[in-house]
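User: Please examine one part of this structure closely, and then set that part in the context of its surroundings. I would like a single connected account with the reasoning made explicit.

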Amino acid sequence: FKVTRVETSPIEGQKPGTSGLRKKVKVFMQPHYLHNFVQSTLNALSAEKVKGSTLVVSGDGRYYSKDAVQIIIKMAAANGVRRVWVGLNSLMATPAVSAIVRERVGADGSKANGAFILTASHNPGGPNEDFGIKYNMGNGGPAPEGVTDKIFENTKTIKEYFIAEGLPDVNISAVGISNFSGPDGQFDVDVFDSADDYVKLLNYDALSGVAGAYAKRIFVEELGAKESSLLNCVPKEDFGGGHPDPNLTYAKELVARMGLGKTPDSNPPEFGAAADGDADRNMILGKRFFVTPSDSVAIIAANAVQAIPYFSSGLKGVARSMPTSAALDVVAKHLNLKFFEVPTGWKFFGNLMDAGLCSVCGEESFGTGSDHIREKDGIWAVLAWLSILAFKNKDSLSGGKLVTVEDIVKQHWATFGRHYYTRYDYENVDAGAAKDLMAHLVKLQSSISDVNKTIKGIRSDVANVASADEFEYKDPVDGSVSKNQGIRYLFEDGSRLVFRLSGTGSEGATIRLYIEQYEKDSSKTGRDSQEALGPLVDVALKLSKMQEFTGRSAPTR
Ligand code: VG1
Ligand code: CO
């Protein structure tokens, strides 16, 4: 093939968000749109990370992925990349990409230098929905802000990109290596089934020991034998028209199967789980019981050393994103573990893990993971829970009482207290209105005593605000500072209100409101969450003037 230089000009709005660039498919299909972003990314990396390098390109298989893979292969070739690794049919879960970058060794001994992940995660897919792309570094984790800022700067000044001419589309629906030759020498495309490498890693992490027997029983005997245990397990370009987001709203079928929701099954199983489009998110359910993601990471951390062989020599530390509940903080304190609070998005956990400071981390948004890779990992979370269930049920195997998911969570609350928690999302709000609401909340922070007067006028049964700020994070490893990461109101009794704007939407603005209240008294940890949080919700909505600013009397969900 030959290398063609194509003249182009900057396209507005290519700023990577919380997890890459996400836009409507139609936006991505505009001339030069994907090309500009890919070239800007390659230009943001140092030359030796591109010339002669090995790049992984794959994603969740959503609509437009197959075209995008071919374009990126041709651009990689033209930019001097030595080889591209592609998942069969361009499919690779986000955690699997991370595992592949870290662990896979090619037939010629090569290792990957980075990855383009083609996903918009939990956003819907299809011709009228979302597409997305993000770059992960050599450690398998999302590019840090320093790099994403540089990519964005490049998109604003780009004048040209390079693409291979005469390189045919590569057949990505069959395993095998194709060789081509270009001006820089040989160029290979290696198509393989990513499941092998990923499973190898997980076996080592979570399936050894007694957990293996449980996983085998549930995944192989239960799930394998009874097809009916698996819901929606064939990947589709449009996710069957649904929202590929594992929560109580969108995973309706599973929720019913587990005996929850409006039309609950009468005989639910003991354990259920769901993942999102790119399989990095997870939802854990017990029989008629929902585990909040904030509790999930805290419970995994509390039990990891005993229940999960990978952690048997101890946890290096734990971390959560700022809006995630403080359930993990209580565990960290109790177990005397290093603890970190980072901004929203997985990119901040990677540095801590690379520096050996963090073993387990999570987010309230159904993300849980560990240092086996540098992405959150839905399947890992399920295996972690199965390991904990197995450990807690050692006695029940020999005739003792069954310990359920619900029992484990309630025991946890009895020991550590409970963080009542909820999140309200206001999607597709007018961007100006959302900005005004945030500005209003920041302005209020200048007088805490006035805030407390206002609050007392709304509800007398809510504690005083002790402090309020905009969250700022200084990375303890590289010293980089991330500002304006969410508006916080911290109450004297440990309650918190957090407001922030989403960075993953493809249209308009989404306001997220996170509401949390801590209850130490074990006689009061069994309340209905909605009811327990009622007063704080009232305060949050009125203090922020949510309806006045957005015109919304209720959240989207
Ligand atoms: C959301 C979540 C955040 C998560 C991010 C990516 O971001 O709140 O916790 O890391 O999605 O998840 P935002 O900016 O919309 O609040 V995924 O599964 O899209 O990679
Ligand atoms: Co995801």
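Analyst: A residue counts as buried if 20 or more other C-beta atoms lie within 10 Å of its own, as exposed if 12 or fewer do, and as partly exposed in between. The model discussed here is predicted. By that criterion N484 is partly exposed, because 13 other C-beta atoms lie within 10 Å. N484 belongs to the loop between β20 (481-482) and β21. Its phi is near 50°, which is a positive value in a residue other than glycine.

The strand that follows this loop leads into a sheet. β17, β23, β22, β21 and β18 form, in that order, an open sheet of five strands with antiparallel pairing. The edge positions are taken by β17 (418-429) and β18 (465-470); each has a single partner strand, so one side of each is left without a neighbour in the sheet. From one strand to the next, the twist averages 10°. The edge strand β18 is joined to β21 (residues 487-491) by five bridges, and the two run antiparallel. Within that pairing, A468 has Y489 of β21 as its bridge partner. Helix α17 (residues 529-544) packs on this sheet, where it touches β17, β22 (496-501) and β23 (509-519). The direction of α17 makes about 130° with that of β23.

A second residue offers a contrast in burial. Y64 also has a positive phi in a residue other than glycine, with a value near 85°. Its place is in the loop between β3 (54-59) and α3 (65-78). Y64 is buried, because 23 other C-beta atoms lie within 10 Å. Both Y64 and N484 are thus loop residues, but Y64 is buried, whereas N484 is partly exposed.

Another sheet can be described in similar terms. β10, β11 and β12 make up an open sheet of three strands in that order, again with antiparallel pairing. Its edges are β10 (271-275) and β12 (289-291), each with a single partner strand, so one side of each is left without a neighbour in the sheet. Here the twist averages 25° from one strand to the next. Three bridges join β11 (residues 282-286) to β12 in the antiparallel sense, and I284 has V291 of β12 as its bridge partner.

Within this sheet, G272 lies in β10. G272 is buried, because 24 other C-beta atoms lie within 10 Å. Apart from its neighbours within four places in sequence, G272 contacts L254, R257, M258 and L285. The C-alpha atoms of G272 and R288 are separated by 10.0 Å, although these residues are 16 places apart along the chain.

Helix α14 (residues 405-416) lies across β10, β11 and β12, and runs at about 55° to β12. The helix also has a helical partner: α9 (residues 293-307) packs with α14 at an angle of about 80°, and the axes are 11 Å apart. At that angle, α9 is roughly perpendicular to α14. D295, I299 and A302 contribute from α9, and I408, V409 and H412 from α14. These contact residues comprise four nonpolar, one polar and one charged. α14 therefore takes part in two kinds of packing, lying across the strands of the sheet and against α9.

The nonpolar interior can be considered next. The largest nonpolar core has 148 residues, and A301 and V318 are those with the most contacts inside it. Helix α12 (residues 378-392) gives the most to this core, with 11 residues. Residues up to four places away in sequence aside, V318 touches A301, L328, A332, L337, F339, C358, S359, V360 and C361. A301 and V318, the two residues with the most contacts inside the core, are thus also in contact with each other.

A strand at the start of the chain completes the account. Of the six residues of β1 (residues 2-7), the number buried is zero, so the strand lies largely in the open. β1 nevertheless pairs with β7 (residues 160-165) in the antiparallel sense over six bridges. In this pairing V6 stands opposite Y161 of β7.

Conventions
Residues numbered from 1 in each chain as written. Chains lettered and ligands numbered in written order. Predicted model: local features only at pLDDT ≥ 70, side-chain atom pairs only at ≥ 80, totals over all residues. Pairing = 2+ DSSP bridges. Helix = DSSP H or I, 4+ residues; strand = E, 2+ residues; numbered from the N terminus. Axes fitted to C-alpha atoms, helices over the stretch in contact; angles between N-to-C directions. Contact = placed C-beta atoms within 7 Å. Core = buried A, V, L, I, M, F, W, Y, C linked by C-beta atoms within 7 Å. Parallel < 35°, antiparallel > 145°, perpendicular 65-115°, else oblique. Nonpolar A, V, L, I, M, F, W, Y, C, P; charged D, E, K, R; others polar.
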